[in-house]
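Student: I'm new to this one and would love a close look at just one part. Could you pick a spot and talk me through it slowly?

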Amino acid sequence: TPRVFSGIQPSGGLTLGNYLGAMKRFVTMQDAGTHETIYCMVDLHAITARLVPADELIHNTRELCAGFIAVGIDPEKSVLINQSQVPEHAQLAWIFNCVARMGWMGRMTQWKDKAGKNAEAASLGLFAYPALMAADILVYHATHVPVGEDQKQHLELTRDIAAKFNHDYGVDFFPITEPVIEGAATRVMNLQDGTKKMSKSDPSDKTRINLTDSADEIAKKIRKAKTDPDPLPEALEGLETRPEARNLVNIYAALADIDPQAVLDQHAGGLFGQFKMALADLAVDKLAPISTEMTRLMADPAEIDRILGRGAERAREITVPILDRTYDIVGMLRS
Ligand code: ATP
Ligand code: MG
């Protein structure tokens, strides 16, 4: 069976962007039963942008695990893991640090965005981020990777790393993985700036909807989301120069599991304020059960730790032999 891998950073609380762009599809792919699914909290990635107190990282990792389960990931059906508990990710990443080229990494838009103007002060880990991500995927020989649109470039780099490794060692070992970027909300935008993506690490909480927000907070953030005063148009072309309006239509479509055009069919011509109210109701409807379930799961951290411990054992049945074969190919002496 083909294998699916994807990860999320415990770098803050989960957002609507993470849910619609990635996690909803994690669940679909798990439930389809056609793939072996492996989902990961990538704590090693979460310290690349900034170091946080240990208890904060642990809390975020457990909360992320609760989020995975609350949206519908079943730790019996999927392998659910925390990255640092499966050491082969980091071990393969070192090899990939030596396969990837500085020039490739320097062209990554996430690196440029996150390093900002002062790249000299960014961590080496932030620069190497995509090589660790390639290792996360390839240490399972995963063939399909569901992600949001912002990760497309990193997945192309993953393919480049696999191809260069295979070529340089004259082997056909690592698969060339396929990104799975689908749906109406592959890039959910920042609620205050329609040109930036919604991110869990954005310093301003008004820019995003968190899966743990209360009904009141969700309604308020949607009401205050930046928009223009015009009503919704009848056709999607009418949204081309209106990124904020387009974003809210896409969010509605993804939450309701309908096409963006169907959203316009229902709401064209109406006042924008009314559309926002309908969107807030829909969002609360879909997100409140997730938030409730997360709170319930977070009351028993020992159970979360047990689930992740069991996940790591299952994961290592796959990763240990693949790392072993990689070391053989590279010529790492073991006795
Ligand atoms: P950070 O700001 O720390 O990078 P993030 O919100 O970007 O956090 P990640 O952990 O980097 O979250 O990404 C997890 C998954 O969520 C990835 O598949 C990514 O493509 C997806 N994703 C993140 N933001 C969005 C978004 N705004 N729209 C759609 N998908 C998104
Ligand atoms: Mg991100």
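**A hairpin, a ligand and a cavity**

Tutor: Let's start with a hairpin: strand 6 and strand 7, with two residues between them. Strands here are DSSP runs of E of at least two residues, helices are runs of H or I of at least four, and both are numbered from the N terminus. This is a predicted model, where local features need pLDDT of at least 70 and side-chain atom pairs pLDDT 80 or more, while totals for chains, interfaces and linings use all residues. Residues count from 1 along each chain as written, chains are lettered from A and ligands numbered from 1 in written order, and side-chain values use heavy atoms, leaving out hydrogens and water.

Back to the hairpin: strand 6 covers residues 189-190, strand 7 covers 193-197, and two antiparallel bridges join them, with DSSP needing at least two bridges for strands to pair. Asn 190 has Asp 193 in strand 7 as its bridge partner.

Lys 197, within strand 7, leads us to ligand 1, as one of the closest residues in a shell of 22 (each with a heavy atom within 4 Å). Lys 114, Asp 150, Lys 200 and Ser 201 are also among the closest. A backbone N or O atom of Met 198 lies 2.9 Å from a nitrogen atom of ligand 1; for Gly 17 the distance, again to a nitrogen, is 3.2 Å. Gly 148 has a backbone N or O atom 2.8 Å from an oxygen of the ligand. The protein buries 97% of the 600 Å² that ligand 1 exposes when taken alone (Shrake-Rupley, 1.4 Å probe). Strand 1 (3-8) and helix 1 (16-32) each give two or more residues to the shell, and helix 1 gives the most, four. The shell has six nonpolar, eleven polar and five charged residues, with Gly counted as polar.

Lys 114 also helps line the largest cavity, along with residues including Trp 111, Phe 127 and His 154. A cavity is a set of points on a 1 Å grid where a 1.4 Å probe fits but cannot get out, and lining residues have an atom within 4 Å of a point. There is one cavity of 30 Å³ or more, and the largest has a volume of about 40 Å³, meaning the space filled by probe spheres set on the points. Helix 6 (109-115) and helix 7 (124-138) each give two or more lining residues, with the largest share, four, from helix 7.

Technical notes
Polar contact = N/O pair within 3.5 Å; in protein donor to acceptor, adjacent residues only side chain to side chain. 1 Å grid on protein atoms, 1.4 Å probe; cavity = no way out; pocket = protein on both sides within 12 Å on 5 of 7 lines; lining within 4 Å.
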